[in-house]
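I opened the model to look up how its helices and strands are put together. My notes follow in the order in which I took them.

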Amino acid sequence: MLKSKLKTMLASLIKQIIAKPDILKGNIDVSLYPVAPHVWGMKQIFVNLYMIENPADKSWVLVDAGLKFFSKSIYEMAAGLFGEEELPSAIILTHGHFDHIGSVKKLAEEWDVPVYAHRLEMPYLTGMSSYPPPDPSVGGGMMAYMSPVYRSKPIDLGSRIMPLPEDGSVPGLHDWKYIHTPGHTPGHISLYREKDKVLISGDAFVTTKAESAVSLLMQLKKVSRPPAYFTSDWNAARQSVEKLAALNPDTVATGHGHPLKGSKMQASLKRLAENFSDVIPSSGRYVNAPAVADETGVKYIPPRTENDYARPMKILGLVAIGFAAFRVYRRFRK
Ligand SMILES: [Zn+2]
Ligand SMILES: [Zn+2]
């Protein structure tokens, strides 16, 4: 059973690379795009971060910090938008997964600014607790299969990291509030500007199929569930999507995928909330019971299921990453 599943996954991985070899070379890039008035986004390969300005006093904050080794592109984006002298007043994290906090330590130190996250996300940002292990058995594509190699260990931001205020206000942003949207992680938050209904949802839901490397790199547009391999409480994830859909946002900008606007997106988001059961994986480590966490970190992790092939997947993931790194190396050598 395990062997045949592994074979299918390996075949699918190879098929994806053969079908679209350019996914490993053509999109190793960063791009900058406007999201809404005073909101800009940056895509780093497959993950997004955002810069938000206060129109009144031109101060600004950074939302999420992208990948490690990509801080230079963030400095350049900031300098281009606000000028080299205008440093942000804060960094706000939607959650602490490796692809959203890659450059946070470097940026916070260099800019000498505070970092804010929800109090339930603090254990993973202060070195107290690892996230529950990812679940590659939920499948859906190469990103899911490779998930055992993603970093789930905490970083330690020391005294720079502070909990967001309990009243929903966002330090450094006048027109925005944050909404606790757990499920993908315990202290996941989304940001919302009510006056023109702009929502930054982090990974509470995304606008591409995050488990598939092809969808991620090609940025196929689809309002989708949170990235499944990292989601450790599906019931909470459902409630969070319901909460966000009830806002009926006009613009959504997510952790992965393009920003989307208008009635088609609104209908898709509503559909996702109403039919969330259809997108919960049929089996997986966290499907029947969630991981349990509190302010001190993870307290309970459901046992591995018979479908949990984390260890062999780790080897497969390392091979895939090695292959991708080789393609990148060859591209830059040319
Ligand atoms: Zn995430
Ligand atoms: Zn993410």
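I began with a helix contact, where Val-241, Glu-242 and Ala-245 in H7 meet Leu-269, Lys-270, Leu-272 and Ala-273 in H8, a contact meaning that C-beta atoms, placed from the backbone, lie within 7 Å. By class I noted five nonpolar, no polar and two charged residues there, with Ala, Val, Leu, Ile, Met, Phe, Trp, Tyr, Cys and Pro counted as nonpolar, Asp, Glu, Lys and Arg as charged, and the others, Gly among them, as polar. Helices (H or I, at least four residues) and strands (E, at least two) are DSSP runs numbered from the N terminus.

I recorded that this is a predicted model, in which local features need pLDDT of at least 70 and side-chain atom pairs count only at pLDDT 80 or more, while totals for chains, interfaces and linings use all residues. Residues are numbered from 1 along each chain as its sequence is written, and chains are lettered from A and ligands numbered from 1 in the order in which they are written.

Next I checked Gly-262, which lies in H8 (residues 262–274). Is Gly-262 buried or exposed? I entered Gly-262 as exposed because it has 9 C-beta neighbours inside 10 Å; the cut-offs within 10 Å are 20 or more other C-beta atoms for buried, 12 or fewer for exposed, and partly exposed in between, with C-beta atoms placed from the backbone.

Last, I found that S1 (residues 30–36) and S2 (residues 39–44) pair in the antiparallel sense over six bridges, pairing requiring at least two bridges found by DSSP. Ser-31 stands opposite Lys-43 in S2.

Notes
Two residues are in contact if their C-beta atoms, placed from the backbone, lie within 7 Å.
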